Number of protein chains: 4
Amino acid sequence: MFKAIITPRFSDTDALGHINNTNAPIWFEGARDPIFRLFMPDLSIQEWQLIIAKMDVSYHGQLFYGQDIEVRTFISRIGGASFDVYQELWQHGEKCVSGTAAMVHFDYQTQKSQKIPDDIKAELTQHLYE
Amino acid sequence: MFKAIITPRFSDTDALGHINNTNAPIWFEGARDPIFRLFMPDLSIQEWQLIIAKMDVSYHGQLFYGQDIEVRTFISRIGGASFDVYQELWQHGEKCVSGTAAMVHFDYQTQKSQKIPDDIKAELTQHLYE
Amino acid sequence: MFKAIITPRFSDTDALGHINNTNAPIWFEGARDPIFRLFMPDLSIQEWQLIIAKMDVSYHGQLFYGQDIEVRTFISRIGGASFDVYQELWQHGEKCVSGTAAMVHFDYQTQKSQKIPDDIKAELTQHLYE
Amino acid sequence: MFKAIITPRFSDTDALGHINNTNAPIWFEGARDPIFRLFMPDLSIQEWQLIIAKMDVSYHGQLFYGQDIEVRTFISRIGGASFDVYQELWQHGEKCVSGTAAMVHFDYQTQKSQKIPDDIKAELTQHLYE
């Protein structure tokens with residue numbers, strides 16, 4: 001599991017007084033950085049080789065401004081050329097949001113998916129959600 | 001079906017040169033305004049009575065800066081206290097992104113879901129995806 | 001003058017119930033597209049030749065969700081290699097926000113500013129704020 | 001001075017490969033939290049009493065994805081009912097962006113500015129930019 005802390009900003013709130021739901025996908029993408037680094041250690045754009053195929057987000061409870069949020073990031077599936085990242089947002093002792101992003105190992109030159117190398121698979125395996 | 005046009009902004013792009021995937025949930029929420037108006041005709045915050053329970057987004061093709069995007073919004077399920085909104089982003093003649101948001105008719109005072117009134121159900125029915 | 005219409009989104013509001021101030025620079029950049037097109041007619045990233053040097057924004061009145069906003073875009077200064085774009089946001093009959101962005105004609109290869117061609121200067125002149 | 005660290009996200013980049021300029025006002029507002037707390041210790045929305053009157057941002061150098069950014073926040077002016085917050089973004093050993101926000105001590109009930117209490121003035125003074 002990877003952990004990251006987010007301090008929500010005033011601009012992340014909406015008129016209902018809570019954190020707006022559209023922040024979750026942004027925060028989840030940000031918290032996938034350590035996974036991006038398994039493929040591109042320097043996060044080099046020139047060597048970028050991941051693309052998102054789909055995502056889902058479930059909202060279990062409200063998030064508030066003024067308290068830090070913990071993002072927990074796991075691998076929940078490893079396929080031949082793709083894998084799933086499962087993530088949670090925790091605040092005030094509750095899991096408030098969870099979601100999964102399906103990522104594809106992608107060659108931007110040929111615009112085709114490509115096999116995940118075995119050494120990266122091994123690293124992904126270390127972060128499997130149980 | 002409801003249609004809306006989005007002119008993507010330079011700030012919506014990312015370093016890969018396309019529109020970043022995190023814009024889709026933002027644009028989809030924006031394009032749900034006509035559905036919000038079925039419940040709150042003036043979009044009055046004080047009378048707000050909808051909450052999002054979950055969403056999923058599928059990415060079929062890349063979106064580009066410099067060309068307008070059409071958002072198509074349908075109702076794909078009507079339950080007792082909740083309903084699904086199915087939406088698509090079209091650009092350069094292709095359906096590039098699609099997704100569904102599960103919305104709940106919600107009483108923010110009691111923090112409980114509530115039955116969708118019959119007259120609103122009838123209106124939602126007119127926008128059903130076939 | 002260039003005009004554009006923005007329909008503010010629910011996610012653009014903040015907990016005080018109005019449109020958050022950080023949207024103005026985003027909307028202003030979006031509404032500079034017609035000026036970007038004077039330099040890059042197809043908004044081609046590969047040919048991009050503008051960079052922002054500074055901006056200022058003044059907040060005169062509150063912007064609300066549920067009503068369209070008109071963006072008015074003018075040229076307020078034309079120099080040798082740079083120019084100023086002055087912009088306003090109008091809603092409910094009032095000028096609610098105004099601001100100026102100083103743009104530099106820039107060569108990303110050499111990382112240096114470059115003279116604005118005379119034909120583009122002539123076009124910019126047609127949109128001068130009086 | 002207040003310090004905060006920002007880890008820029010992939011979604012903060014734009015098609016030119018750098019961090020988009022519109023992030024600076026968002027990050028600056030986020031980093032004003034410790035100053036907001038001088039007025040509203042719990043960041044309570046119900047007791048909110050600050051409003052932004054204007055801001056300016058100067059771009060000195062490019063910010064990149066993949067490296068942390070340090071935000072430095074100072075008070076640069078203290079008036080009767082308003083004050084200025086001067087802020088800088090530092091990355092790769094350089095001051096890349098700087099800017100000033102003019103904040104007004106504001107009563108949202110009466111919609112009028114109000115005198116800054118002496119004890120808060122004393123606290124603001126401790127963070128004056130020299």
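Two strands count as paired if DSSP finds at least two bridges between them. Helices (H or I, at least four residues) and strands (E, at least two) are themselves DSSP runs, numbered from the N terminus. The model discussed here is a predicted one, in which local features need pLDDT of at least 70, side-chain atom pairs count only at pLDDT 80 or more, and totals for chains, interfaces and linings use all residues. Residues are numbered from 1 along each chain as its sequence is written, chains are lettered from A and ligands numbered from 1 in the order in which they are written, and side-chain values use heavy atoms, with hydrogens and water left out.

A good place to start is where chain C meets chain D. Here β2(C) and strand β2 (residues 50-59) of chain D run antiparallel and are joined by 5 bridges. Within this pairing, S58(C) sits opposite K54(D) of β2(D). As a general point, side chains in a regular strand alternate between the two faces of the sheet.

Taking contact as heavy atoms within 4.5 Å, chain C brings 23 residues to the meeting and chain D also brings 23. The two chains bury about 2,000 Å² between them, with 61% of it on carbon and sulfur atoms; buried area is the accessible area (1.4 Å probe) that two parts lose on being put together, summed over both. On the chain C side, L16(C), M55(C) and Y59(C) account for 25% of the area buried against chain D, more than any other three residues. Two elements of chain C, α1 (23-31) and β2 (50-59), each supply at least two residues of the side that touches chain D. Of the elements, β2(C) gives the most to that side, with 9 residues. Sorted by class, the side of chain C facing chain D has 13 nonpolar, 7 polar and 3 charged residues. In this sorting, Ala, Val, Leu, Ile, Met, Phe, Trp, Tyr, Cys and Pro are nonpolar, Asp, Glu, Lys and Arg are charged, and the others, Gly among them, are polar.

What about polar links between chain C and chain D? There are 8 residue pairs in polar contact, both residues at pLDDT 80 or more. A polar contact is a pair of N or O atoms within 3.5 Å; within protein, one must be able to donate a hydrogen and the other to accept it, and residues adjacent in sequence count only if both atoms are side-chain atoms. Salt bridges (a side-chain nitrogen of Lys or Arg within 4 Å of a carboxyl oxygen of Asp or Glu) number 0 across this interface.

Chain C also touches chain B, with 18 residues from chain C and 18 residues from chain B in contact. About 1,500 Å² is buried between these two chains, and carbon and sulfur atoms give 57% of that. R9(C), F10(C) and Y65(C) are the residues of chain C that lose the most area to chain B, together 38% of what that side buries. The rule again finds 0 salt bridges across this interface, along with 6 residue pairs in polar contact (both at pLDDT 80 or more). Here α1 and α2 (33-39) of chain C are the elements giving two or more residues to the side that touches chain B, and α1(C) gives the most, with 4 residues. By class, that side has 10 nonpolar, 4 polar and 4 charged residues.

Turning to a single chain, chain A has 3 helices and 6 strands, arranged along the sequence as β-α-α-β-β-β-β-β-α. The C-alpha atoms of chain A fill a box of roughly 45 × 30 × 25 Å along the principal axes. With 130 residues, a compact globule would have a radius of gyration near 14 Å, and the 16 Å of chain A agrees; the radius is taken over C-alpha atoms, and the globule rule is 2.2 Å times the number of residues to the power 0.38.

Salt bridges do turn up in the structure, with 16 over all chains. One of them joins the side chains of E70(A) and K3(A) (3.7 Å, N to O). E70(A) lies in strand β3 (residues 69-78) and K3(A) in strand β1 (residues 2-6) of chain A, so the pair ties together parts that are 67 residues apart in sequence. β1(A) and β3(A) also pair with each other, antiparallel, over 5 bridges.
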